[in-house]
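Here is a friendly walk through a protein model for someone meeting it for the first time. Have a look at the sequence and the structure, then read on.

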Amino acid sequence: MARWRAYGLGQFIHWGLYSIPAGEWNGKIYNGAAEWIRTWKEVSPQAYDSLIYRFNPAKFNPDSWAAVAKQMGVKYVTITTKHHDGFCLWPSKFTDFTVANSPYKKDIIGPLVKAYDKQGIDVILYFSVMDWHNPDWQYDIKTRDDSIAFNRFKQFTRNQLLELLTRYPSAKGLWFDGTWDKSWVKQAAFADSLETEMRKLHPGLIIGSRFRADEYGKRHFDSNGNLMGDYEQGWERKIPEKITDVHGNDWDCVMTIPENQWGYAKTWQGHIKTADELLEMLAKCVSLDGNFVLNFGPKPDGTLRAEELSLAKAIGDWMAVNKEAIYSGEYAGFIKQDWGYFIKSTASNKIYMLVFNIPVSGLLRVVTPSHTVIRKAYGLDNAASNYTPEEIGASTYFIHLNQQTTPKKPFVIVLETGEAAKGQTGGYEKAKT
Ligand code: 1KN
């Protein structure tokens with residue numbers, strides 16, 4: 001988890017059969033997320049499942065995906081091994097509904113893990129417990145037959161998870177999804193023993209809080225209020241506002257570039273986030289002790305769409321200059337200011353100011369914790385630059401920007417702080433009220 005905490009930035013990949021219809025069916029556009037199209041009334045499950053015979057990503061090159069991720073500056077990737085549709089991107093022994101029976105035939109997960117490992121990017125395997133293809137999957141267990149079927153399904157799930165961990169031993173963790181239905185929520189004892197079994201098979205395995213419910217049906221946090229799993233998985237497409245929202249837990253935020261759209265969709269509807277917006281989300285997450293994970297939905301031919309490639313490039317160019325503020329960054333304990341985010345380095349005593357909103361005055365307010373003074377302030381892109389902090393009150397400073405030279409991009413100012421000398425503070429009297 002120490003390694004996980006230092007990641008800062010991650011990549012999510014949603015890839016599967018849904019990339020083929022890409023949010024359209026018989027010329028009609030599906031309003032939901034592309035990876036959910038199998039549930040649309042316009043789509044028959046049989047027709048959807050037949051997409052397996054069209055899955056043939058001729059241009060898939062895992063090294064080129066890993067190179068994009070490397071340039072972007074991500075430290076980990078979460079890859080869908082099996083989404084809700086049940087289609088497996090690895091040749092699972094426990095179902096026929098896998099890449100092995102597609103025209104492509106080959107394993108996708110193995111080569112991806114290898115390519116990302118080679119770039120030094122850690123791999124987390126996404127796994128949906130909910131499985132629309134497997135007839136044994138149930139939403140609830142009401143009858144004896146449901147229970148018999150679901151017992152088979154539990155063994156299937158166990159087999160697949162142990163299979164993944166055995167086949168891909170370098171994977172660092174599992175990202176669970178599709179665990180909210182009553183059927184699975186009722187399996188506290190089973191999930192608990194499976195978790196123990198997986199951890200024994202794969203020492204150091206990282207498991208998120210979506211995996212198991214407790215015996216009272218509580219999810220994420222057990223009946224005593226304690227997080228279940230190694231990190232909180234509740235921050236899907238949303239970001240906490242303040243440090244007290246995360247209760248001292250590890251967490252990651254998974255984010256889409258368009259609205260709720262994870263798999264490849266031919267047309268992105270609604271607002272599409274810009275690189276600056278995404279960088280601000282990254283800064284906010286790291287400033288609140290979380291990681292930010294940006295989703296990519298590759299095309300059916302195995303290539304990445306142009307919009308994603310250009311955002312990855314823009315983020316990577318920014319990271320090349322500013323990564324020091326993101327990797328090994330944590331909550332700084334400074335009062336939040338409107339111009340942006342403070343991040344403290346765990347590797348040094350530096351404080352980073354990640355500036356996104358420049359006040360018209362050109363003055364950035366900094367309030368330091370008591371007995372802390374600012375000794376130096378300079379640009380992260382230029383250690384020779386000097387922002388002379390103006391002390392305007394007790395523990396309060398203005399950093400003066402030169403508005404002529406201020407970049408039109410988010411930028412980072414480094415603060416070197418020190419302990420106030422005895423008698424140095426207290427020169428300002430408080431009002432008597
Ligand atoms: C609103 O309900 C859902 C249910 C499942 C929203 C999203 C999801 C799935 N979790 C994301 C990480 C994607 O995999 C999405 O399909």
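## Before we start

One term first: two residues are in contact when they have heavy atoms within 4.5 Å of each other. Also keep in mind that this is a predicted model.

## The overall picture

Let's begin with the whole chain. The protein chain has 9 helices and 18 strands. Its radius of gyration is 24 Å, close to the 22 Å that the globule rule gives for 433 residues, so the chain is as compact as a globular protein of that length. Taken along the principal axes, the C-alpha atoms fill a box of roughly 75 × 45 × 40 Å.

How much of the protein chain is buried? Buried residues make up 55% of the 433 residues. The chain exposes about 19200 Å², and carbon and sulfur atoms supply 50% of that area. If you look at contacts with a separation of 6 or more, 70% of them are between residues 24 or more positions apart.

## The parallel sheet

Now for the sheets. One of them is an open sheet of 8 strands with parallel pairing, in the order 7-6-5-4-1-10-9-8. At its edges stand strand 7 (206–207) and strand 8 (232–236); each has a single partner strand, so one side of each is left without a neighbour in the sheet.

You can zoom in on one pair here: strand 1 (residues 9–13) and strand 4 (residues 76–82) run parallel and are joined by 4 bridges. Within that pair, Phe12 has Thr78 of strand 4 as its bridge partner.

## A three-stranded sheet

Another open sheet is built from 3 strands, in the order 14-17-16, and its pairing is antiparallel. Strand 14 (363–367) and strand 16 (389–393) are the edge strands, each pairing on one side only. From one strand to the next, the twist averages 30 degrees.

Strand 14 pairs with strand 17 (residues 396–400) in the antiparallel sense, over 5 bridges. If you want a spot to find by eye, try Leu364, whose bridge partner in strand 17 is Ile399.

## Strand 13 and its partners

Strand 13 deserves a stop of its own. Of its 6 residues, 5 are buried, so strand 13 is largely enclosed by the rest of the structure. A hairpin with 4 residues in between joins strand 12 to strand 13. Strand 12 (residues 340–345) pairs with strand 13 in the antiparallel sense over 5 bridges.

Strand 13 is also joined to strand 18 (residues 411–419), by 6 bridges, and these two run antiparallel. Which residues stand opposite Leu354? Tyr341 stands opposite Leu354 in the pairing with strand 12, and Val412 stands opposite Leu354 in strand 18.

## Inside the cores

Leu354 turns up again in the largest nonpolar core, which has 103 residues. Together with Phe55, Tyr116, Met198 and Phe292, Leu354 touches the most other members. Helix 8 (residues 275–287) gives the largest share of this core, with 8 residues.

Take Met198 as an example: leaving aside neighbours within four places in sequence, Met198 is in contact with Leu161, Leu162, Leu165, Leu174, Phe176, Leu205, Ile207 and Phe211. Apart from this core lies another, of 20 residues, among them Ile351, Val355, Ile399 and Ile413.

## Loops worth a look

Asn357 sits in the loop between strand 13 (350–355) and strand 14. Is Asn357 buried or partly exposed? With a relative accessible area of 39%, Asn357 is partly exposed. Not counting residues up to four places away in sequence, Asn357 touches Glu280, Asp338 and Trp339. Gln337 is 20 residues from Asn357 along the chain, and their C-alpha atoms are separated by 9.9 Å.

Two other loop residues have a positive phi without being glycine. Ala22, in the loop between strand 1 and strand 2 (24–25), has a phi near 55 degrees. At 2% relative accessibility, Ala22 counts as buried. His220, found in the loop between strand 7 and strand 8, has a positive phi of about 65 degrees. With 16% relative accessibility, His220 also counts as buried.

Key. Residues are numbered from 1 along each chain as its sequence is written. This is a predicted model: local features need pLDDT of at least 70, side-chain atom pairs count only at pLDDT 80 or more; totals for chains, interfaces and linings use all residues. Side-chain values use heavy atoms; hydrogens and water are left out. Two strands pair if DSSP finds at least two bridges between them. Axes are lines fitted to C-alpha atoms, for helices over the stretch in contact, and angles run from 0 to 180 degrees between N-to-C directions. The radius of gyration is taken over C-alpha atoms; the globule rule is 2.2 Å times the number of residues to the power 0.38. Buried means under 20% relative accessible area, exposed over 50%, partly exposed in between (1.4 Å probe, protein chains only). Accessible areas come from the Shrake-Rupley method with a 1.4 Å probe; for residues, only the protein chains shown count as cover. A nonpolar core is a set of buried Ala, Val, Leu, Ile, Met, Phe, Trp, Tyr and Cys residues joined through side-chain atoms within 4.5 Å.
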